[in-house]
Amino acid sequence: MQIGPFLETIAARIDVCNEWIGRLVSWVVVLLVAVVFIDVVMRYAANTSFVFTQELEWHLFGFIFLMGAGYTLLYDQHVRVDVVYQRLSERGQAWINVLGCLFFLFPGAILIIYTSFGFAREAFVFMEGSPDPGGIPFRFIIKSCVPLGFMLLLFQGVSMFIRNLGILLTPLFADKEKDVR
């Protein structure tokens with residue numbers, strides 16, 4: 001039994017979206033490495049440092065972490081205790097993933113989206129910037145990445161849920177029936 005073309009299309013579109021965002025984030029990693037390199041050279045060669053550069057480092061890291069979470073889930077690279085999971089059958093893993101989505105990923109992501117949305121909106125309304133002299137004037141951008149990043153993670157969780165539900169809805173003996181024919 002398949003999960004249906006409509007749900008398969010939704011899962012595929014979510015996957016494509018997070019794939020593209022993941023590729024963008026990978027280029028931001030290159031930018032972060034360049035910024036850190038420049039900061040280190042400036043500190044040791046010129047004995048100087050700038051607040052802007054230091055804040056840019058953690059803004060870029062936050063962007064990478066938040067916007068790349070959905071991409072990481074797409075490739076099943078999130079941290080988990082694999083001692084039990086890796087020894088399970090495909091159906092056993094699907095059960096873990098479905099229950100994990102229902103009881104942990106969905107409620108956690110929704111809670112963070114709900115609580116951070118007002119936080120980000122307020123930062124935009126006041127065009128919040130760094131309180132430090134010489135800091136980044138656009139702090140509202142990184143604060144907006146919190147709900148956006150968790151929305152991407154939630155959507156990827158929906159894709160994962162759909163695909164694992166498809167595994168669970170597939171009859172146990174479907175493969176054996178194909179072998180007989």
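## A walk around helix α5

Let us start with glutamate 128, which sits in the loop between α5 and α6 (139–169). Keep in mind as you look around that this is a predicted model. Is glutamate 128 buried, partly exposed or exposed? Its relative accessible area is 24%, and buried means under 20% while exposed means over 50%, so glutamate 128 counts as partly exposed.

Which residues does glutamate 128 touch, once those up to four places away in sequence are set aside? They are Ala123, Pro137, Phe138, Arg139, Phe140 and Lys143. With Lys143 there is also a polar contact: the side chain of glutamate 128 and the side chain of lysine 143 come to 2.7 Å. Isoleucine 141 is 13 residues further along the chain from glutamate 128, and the C-alpha atoms of these two residues are separated by 8.8 Å.

Now step back to alanine 123, which belongs to helix α5 (residues 90–125). Alanine 123 has a relative accessibility of 1%, and therefore counts as buried. Not counting residues up to four places away in sequence, alanine 123 touches Glu128, Phe140 and Lys143. To get a feel for distance, try glycine 62: it is 61 residues from alanine 123 along the chain, and their C-alpha atoms are 16 Å apart.

Next, follow helix α5 itself. At cysteine 101 the helix bends by about 50°. Cysteine 101 is also one of the buried residues of α5, a list that includes Asn97, Leu105, Phe106, Ile113 and Ala123. What do the buried residues of α5 pack against? They pack against α3 (69–74), α4 (82–85) and α6. After α5 comes methionine 127, which has a positive phi, near 50°.

Helix α5 also takes part in the largest pocket. This pocket holds about 510 Å³ of space, and α2 (51–67), α3, α5 and α6 are the elements that give two or more residues to its lining. Which element gives the most to that lining? It is α5, with 6 residues. In total, 20 residues line the pocket, and those nearest its centre are Leu73, His78, Val79, Leu105 and Leu153. Leu105 is also among the buried residues of α5. By type, the lining residues divide into 12 nonpolar, 6 polar and 2 charged.

Finally, visit helix α1 (residues 5–45), where asparagine 18 lies. Aspartate 15 is found in helix α1 too. Asparagine 18 is buried, with a relative accessible area of 1%. Aspartate 15, at 14% relative accessibility, counts as buried because the cut-off is under 20%.

Leaving aside neighbours within four places in sequence, asparagine 18 is in contact with Gly70, Tyr71, Leu74, Leu152 and Gln156. On the same basis, aspartate 15 touches Leu74, Gln156, Ser159 and Arg163. Leu74 and Gln156 therefore appear in both lists of contacts, under a contact limit of 4.5 Å between heavy atoms. The side chain of aspartate 15 also makes a polar contact with the side chain of arginine 163, at 2.7 Å.

Here are the four residues of this tour side by side:

| Residue | Relative accessible area | Class |
|---|---|---|
| Asparagine 18 | 1% | buried |
| Aspartate 15 | 14% | buried |
| Alanine 123 | 1% | buried |
| Glutamate 128 | 24% | partly exposed |

Methods: Residues are numbered from 1 along each chain as its sequence is written. This is a predicted model: local features need pLDDT of at least 70, side-chain atom pairs count only at pLDDT 80 or more; totals for chains, interfaces and linings use all residues. Side-chain values use heavy atoms; hydrogens and water are left out. Helices (H or I, at least four residues) and strands (E, at least two) are DSSP runs, numbered from the N terminus. Buried means under 20% relative accessible area, exposed over 50%, partly exposed in between (1.4 Å probe, protein chains only). A polar contact is a pair of N or O atoms within 3.5 Å; within protein, one must be able to donate a hydrogen and the other to accept it, and residues adjacent in sequence count only if both atoms are side-chain atoms. The bend at a residue is the angle between axes fitted to the seven residues ending there and the seven starting there. On a 1 Å grid over the protein atoms alone, a cavity is a set of points where a 1.4 Å probe fits but cannot get out, and a pocket is an open set with protein on both sides within 12 Å along at least five of seven lines; lining residues have an atom within 4 Å of a point. Grid points are joined across faces, edges and corners, and a volume is the space filled by probe spheres set on the points. Ala, Val, Leu, Ile, Met, Phe, Trp, Tyr, Cys and Pro count as nonpolar, Asp, Glu, Lys and Arg as charged, and the others, Gly among them, as polar.
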